[in-house]
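Me: I am new to this structure and would like a close look at one part of it. Please take me through that part slowly, and then set it in its surroundings.

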Protein chains: 2
Amino acid sequence: MKLLDGKSTSHEIYQKLIPRIQYLYTEHNIIPNLSVIIVGDKPESLSYVKMKHKKCQEIGIDSNICHLDENNSTNDIIKQIQKLNKDPEVNAILVQLPLPKHLDTQKIIASIHPDKDVDGFHAYNMGLLTINQNPNLVPCTPKGCMYLLKKYSINLKGKNIVIIGKSNIVGLPLSLMLMHENATVTVCHIDTKDIKQHTRNADILVSACGVPELIKSDWIKEGVDIIDIGINFVNDIESKNGRKLVGDVDFNSVKDKVNYITPVPGGVGPMTIAMLLQQTVDSIFLNICKDM
Amino acid sequence: MKLLDGKSTSHEIYQKLIPRIQYLYTEHNIIPNLSVIIVGDKPESLSYVKMKHKKCQEIGIDSNICHLDENNSTNDIIKQIQKLNKDPEVNAILVQLPLPKHLDTQKIIASIHPDKDVDGFHAYNMGLLTINQNPNLVPCTPKGCMYLLKKYSINLKGKNIVIIGKSNIVGLPLSLMLMHENATVTVCHIDTKDIKQHTRNADILVSACGVPELIKSDWIKEGVDIIDIGINFVNDIESKNGRKLVGDVDFNSVKDKVNYITPVPGGVGPMTIAMLLQQTVDSIFLNICKDM
């Protein structure tokens, strides 16, 4: 068993970003700006936004948090986004999901200018990914998975890859990225019958279903590579705050059977934020090139 | 063995379109217009364009063929598209593919206004399909497959569906449509190892790989439903013109083992044109509703 180390990989990414951010400042007088919209006070969302903000500050990205009251309407939030779309100092806009239920998430996402849609959730960016036409902004979690697979030289061409979960932000865009790398991709989900029949056949297994420690040793074949995207908090009396973070994979159950595996925490999680900040910086360089 | 009859189904679709087209004329003074751009003189492309034109005329759609010389540049063609984009009489624009090799197909497709992109190939429309946000214009061949599956009440939820081929215009968008219907989808292609291991496990098998009569009886399990999207011309000394049309499936080899199957010809082929004309008409009704 070998670890796909998202923590150290993300650290390397930040180290590569810092001189590029410095270059933007000294040569172009640009400080990258990521504007994050958060609506309401969901503790997990607040915690994610805080993590992103902290990382931005560490590497020299200007992070502007726009914290809106839960009572705001869909149109209120769209108006806020339109301001950010027009603001030349704002390079990247992110709406922290999930939004409160009364809001129209898709309408809100659709109002972000595609060039500033750093999460890659806008239909236009998603379409460029689908047809594999040099998409600049793609969903960050799948991009982080692809980065890890490439970094550890895991060959994808012709491999049987099974993804559990077909969300618009993880499973589905990841399936497209893997198909573009010529993997044979199967997407499983809650309605899949006999899921083990699929997972046991996987050369690479990716789970993004959000069921704590679902995947055990009898789900997989010997030598599989596993990407665990699950972020599940479960009760744990031995932890300080009474709960601990686990993935979708029962690490102890599978560890003697797998080749590569992402730990949780320290696997895909840190890669998501690293890809977000990398896309923020990349998009500025692309715009500079466009103007040349 | 039962046939998924695309010929009679497409006929039914036209019969439903005719009164809607008449309504547009009598109530809104609109004659639907589909403008087709064809570049060069590839006989197959000319023949497809002719078929579409004839069908338009039959049901009352104004079809305007813009036949351009192969010497035109990418920019020449984009200029032509921009004219059509601006023309309020033109409701739908289609560029006949494949284009001659010196042209930038993606740049040309990207220049079609998404509201007139009746083939559904523009990144924005493809993205709406990917994230399942009420796409109005989607690729016509996969839409035709979905229509047949629905018409014959073939349940998709939880079914193992194997698609052979991952093109942007057929395999890939069809995989998205089927995932949105909660099927478990596997996409195979030229790099897939041991393809029969996948196809033998399929409840529904879709082939869009363009290899004449590739799929034989030993590729499938008893009772499978098959959608054959292949359009392959092979030599045939018994035919008048020395060749005949066959699908990707060896019909005679599989016919005693399958449940439903699309014949070739008369299966998916007629559905593609029917969906094209249906989308042309639908898009006008949607625009009328928008203006209300």
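How many residues of chain A are in contact with how many residues of chain B?

Reply: A word on the source comes before the count. This is a predicted model, in which local features need pLDDT of at least 70 and side-chain atom pairs count only at pLDDT 80 or more, while totals for chains, interfaces and linings use all residues. Residues are numbered from 1 along each chain as its sequence is written, and chains are lettered from A and ligands numbered from 1 in the order in which they are written.

In the part you ask about, 26 residues of chain A are in contact with 26 residues of chain B, where two residues are in contact if their C-beta atoms, placed from the backbone, lie within 7 Å. On the side of chain A that touches chain B, at least two residues come from each of α5 (123-130), α7 and β6 (184-188) of chain A; these names follow DSSP runs numbered from the N terminus, helices being H or I with at least four residues and strands E with at least two. The most is given by α5(A), which supplies 7 residues to that side. Sorted by class, the side of chain A that touches chain B holds 10 nonpolar, 12 polar and 4 charged residues, with Ala, Val, Leu, Ile, Met, Phe, Trp, Tyr, Cys and Pro counted as nonpolar, Asp, Glu, Lys and Arg as charged, and the others, Gly among them, as polar.

The two chains also share strand pairing: β6(A) and strand β6 (residues 184-188) of chain B pair in the antiparallel sense over 3 bridges, two strands being paired if DSSP finds at least two bridges between them. Within this pairing, A:Val187 has B:Val185 in β6(B) as its bridge partner.

As for how the copies are related, a turn of 180° with a shift of 0.0 Å along the axis lays chain A on chain B with an RMSD of 0.0 Å, the superposition being by least squares on the C-alpha atoms of residues with pLDDT of at least 70 in both. That is the relation of a two-fold axis. Because 100% of the interface residues of chain A are also interface residues in chain B, the copies meet through the same surface.

Helix α7(A), one of the contributors to that side, deserves a second look. Of the 10 residues in helix α7 (residues 171-180) of chain A, 9 are buried, so the helix is largely enclosed by the rest of the structure; a residue is buried if 20 or more other C-beta atoms lie within 10 Å of its own, exposed if 12 or fewer, and partly exposed in between, with C-beta atoms placed from the backbone. Among the buried residues of α7(A) are A:Gly171, A:Leu174 and A:Met179. Just after this helix, A:Asn182 takes a positive phi of about 70°. In chain B, the loop between β5 (160-164) and α7 (171-180) holds B:Asn168, which counts as partly exposed because it has 17 C-beta neighbours inside 10 Å.

The wider setting is chain A, which has 10 helices and 11 strands. Its C-alpha trace spans about 55 × 45 × 35 Å along its principal axes, and 48% of its 292 residues count as buried. Of the contacts in chain A with a separation of 6 or more, 68% are between residues 24 or more positions apart.

Chain A also contains an open sheet of 3 strands in the order β3-β2-β4, with parallel pairing. Its edge strands are β3 (62-68) and β4 (92-95) of chain A, each of which pairs on one side only, and the twist averages 20° from one strand to the next. Strand β2 (residues 33-39) of chain A runs parallel to β4(A) and is joined to that strand by 4 bridges, with A:Leu34 standing opposite A:Ala92. Helix α3 (residues 74-86) of chain A packs on the sheet, touching β2, β3 and β4 of chain A, and its direction makes about 175° with that of β2(A); here axes are lines fitted to C-alpha atoms, for helices over the stretch in contact, and angles run from 0 to 180 degrees between N-to-C directions.

In chain B, strand β2 (residues 33-39) and β3(B) pair in the parallel sense over 7 bridges, and B:Ile38 stands opposite B:His67 in β3(B).
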